[in-house]
Amino acid sequence: MTVVPLPSRRDPESGGQAGAADLPAQAVSIRGLSKTYKGAGEMPPKTALKGVDLDIPRGSMFGLLGPNGAGKSTIINIMAGLVTKTAGSVKIWDFDIDTDRRRAKLAIGVVPQELNIDPHFTPKELLDLQSSLYGLKPGEYRTWEALEVVGLTAEAHAYSRWLSGGMKRRLLIAKAILHAPPVVVLDEPTAGVDVELRQHLWTYVRELNAQGTTILLTTHYLEEAEKLCDTIAIIDRGEVIAREATGDLLRRVDSKEMTVTLTDDIAEMPYALGKYDVELLPPRRLCFRFRRSQTQIGEIIAAIQSAGLTIADLTTAEGRLEDVFLEMTGKRAGARHDDDAP
Ligand code: ADP
Ligand code: MG
């Protein structure tokens, strides 16, 4: 895939570059957003969102994470106008999706989780049609530019039903960026995508972000979110339970690991250290796992020294997003029992 981001228009209405002072501080602003899906037949109604408040700062690379069924796609589909909300408000680029629908739509490009492409269209036809839906005149279409960006020029006239999953994903990306929106949303963009395409995709998304486009993405790959996103929100059962700079979130992890290298080899674990969760890595390293809230590093060091050992070196491992995620969503799972009630 050629990495040539389409320049993002800052003002979706005029197409002009607005001055920074005119730009909204929040690319997306969500207040009290609730959604209850109506039941059908045997299916009871399902409350997917319970009063979500969320601000996505302009220019950020924002990760929305949460277990399956947490409500991520529901939020994104409401933003895209694919799902009607039950209550609350959503502003995109300061345009309310209820009262300023047209401009809100022009400000956002959404790559949905589902590969919902009409099989009867070719990529070229699909993108031309989408351009007209965005209100562009034929002379203003950027179909070829968008196809080039996602590396689908050769497939321009192929029927979409013949495209591979990865190609369909790329076509949906092209569709989302046709109108160069200032906000691009990707819902699980790397699900079922091979490693190579995933790398290309992230390179592209990073460049888009570097040029000023605000990116909102959901992903199951926590490691990717940890590397890519500057801010992360965690949603669980329809509620936002954390929203912080990625670094701050990682510092909140309670589980910690410390590896101590001793000056001399030891044959077995000293008795005095038996009260810790510690592993002997022969010949002279000890790996401690502990909860920061319960155990001080200094206390462990003192215990090592009073066991008659001398420390040559010491490293601590920072928390991983995976740990934060499990700690936060796990705690809630243990604390509540009525979650599956609508
Ligand atoms: P996520 O994207 O975080 O996995 P979703 O937003 O897709 O979560 O789903 C949130 C909840 O809403 C889930 O319990 C899901 O089963 C339910 N849900 C999603 N779409 C529908 C629908 N069209 N009708 C009924 N329930 C739905
Ligand atoms: Mg989803």
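**Exercise 1. Determine which residues Val 185 is in contact with, leaving aside its neighbours within four places in sequence, and decide whether Val 185 counts as buried or exposed.**

*Solution.* Step 1: Once the neighbours within four places in sequence are left aside, the contacts of Val 185 are Ile 76, Met 79, Ile 108, Val 110, Val 111 and Leu 216. The model examined here is a predicted one.

Step 2: Val 185 belongs to strand E7, which covers residues 183–187. Its C-alpha lies 4.7 Å from that of Leu 216, although 31 residues separate the two in sequence.

Step 3: A residue is buried if 20 or more other C-beta atoms lie within 10 Å of its own. Val 185 has 27 C-beta neighbours inside 10 Å and therefore counts as buried.

**Exercise 2. Describe the shell around ligand 1 and state which element gives the most to it.**

*Solution.* Step 1: List the residues around the ligand. They are Tyr 37, Lys 46, Ala 48, Gly 66, Asn 68, Gly 69, Ala 70, Gly 71, Lys 72, Ser 73 and Thr 74.

Step 2: Sort them by class. The shell holds three nonpolar, six polar and two charged residues.

Step 3: Assign the elements. Strand E2 (46–57) and helix H1 (72–79) each supply at least two residues, and H1 gives the most, with three.

Step 4: Consider the surroundings of H1. Eight of its eight residues are buried, so H1 is largely enclosed by the rest of the structure. Among these buried residues are Ile 76 and Met 79, which also appear in the contacts of Val 185. Just after H1, Gly 81 has a positive phi of about 80 degrees.

**Exercise 3. Establish the order of the strands in the open sheet that contains E12, E13, E11 and E14, and explain why one side of E12 and of E14 is left without a neighbour in the sheet.**

*Solution.* Step 1: The four strands follow the order E12-E13-E11-E14, with antiparallel pairing. Strands E12 (277–281) and E14 (311–317) stand at the edges with a single partner strand each, so one side of each has no neighbour in the sheet. From one strand to the next the twist averages 20 degrees.

Step 2: Examine one pair. E12 and E13 (residues 285–291) run antiparallel and are joined by five bridges; Asp 277 stands opposite Arg 289 in E13. The loop between E12 and E13 contains Pro 283, which is joined to Pro 282 by a cis peptide bond with omega of about 0 degrees.

Step 3: Add the helix. H9 (residues 297–306) lies across E11 (255–262), E13 and E14, at about 30 degrees to E11.

**Exercise 4. For Trp 93 and Glu 188, give the value of phi and decide whether each is buried or exposed.**

*Solution.* Step 1: Trp 93, in the loop between strands E4 (87–92) and E5 (95–96), has a positive phi near 55 degrees. With 25 other C-beta atoms within 10 Å, Trp 93 is buried.

Step 2: Glu 188, in the loop between E7 and helix H6 (195–210), has a positive phi of about 50 degrees. Glu 188 has 20 other C-beta atoms within 10 Å and is buried.

**Exercise 5. State the mean pLDDT of the protein chain and identify where pLDDT is under 50 over residues near the end of the numbering, 335–342, and how many contacts the model has there.**

*Solution.* Step 1: The mean pLDDT is 87, and 90% of the residues reach 70 or more.

Step 2: Over residues 335–342 pLDDT stays under 50, and the model has five contacts there beyond four places in sequence. Residues 1–10 are also below 50.

Step 3: Where pLDDT is low, the predicted coordinates should not be read in detail.

Key
Residues are numbered from 1 along each chain as its sequence is written. Chains are lettered from A and ligands numbered from 1 in the order in which they are written. This is a predicted model: local features need pLDDT of at least 70, side-chain atom pairs count only at pLDDT 80 or more; totals for chains, interfaces and linings use all residues. Two strands pair if DSSP finds at least two bridges between them. Axes are lines fitted to C-alpha atoms, for helices over the stretch in contact, and angles run from 0 to 180 degrees between N-to-C directions. Two residues are in contact if their C-beta atoms, placed from the backbone, lie within 7 Å. pLDDT is the predictor's confidence in each residue, from 0 to 100. A residue is near a molecule or strand if its C-beta atom, placed from the backbone, lies within 6 Å of it. Ala, Val, Leu, Ile, Met, Phe, Trp, Tyr, Cys and Pro count as nonpolar, Asp, Glu, Lys and Arg as charged, and the others, Gly among them, as polar. A residue is buried if 20 or more other C-beta atoms lie within 10 Å of its own, exposed if 12 or fewer, and partly exposed in between; C-beta atoms are placed from the backbone.
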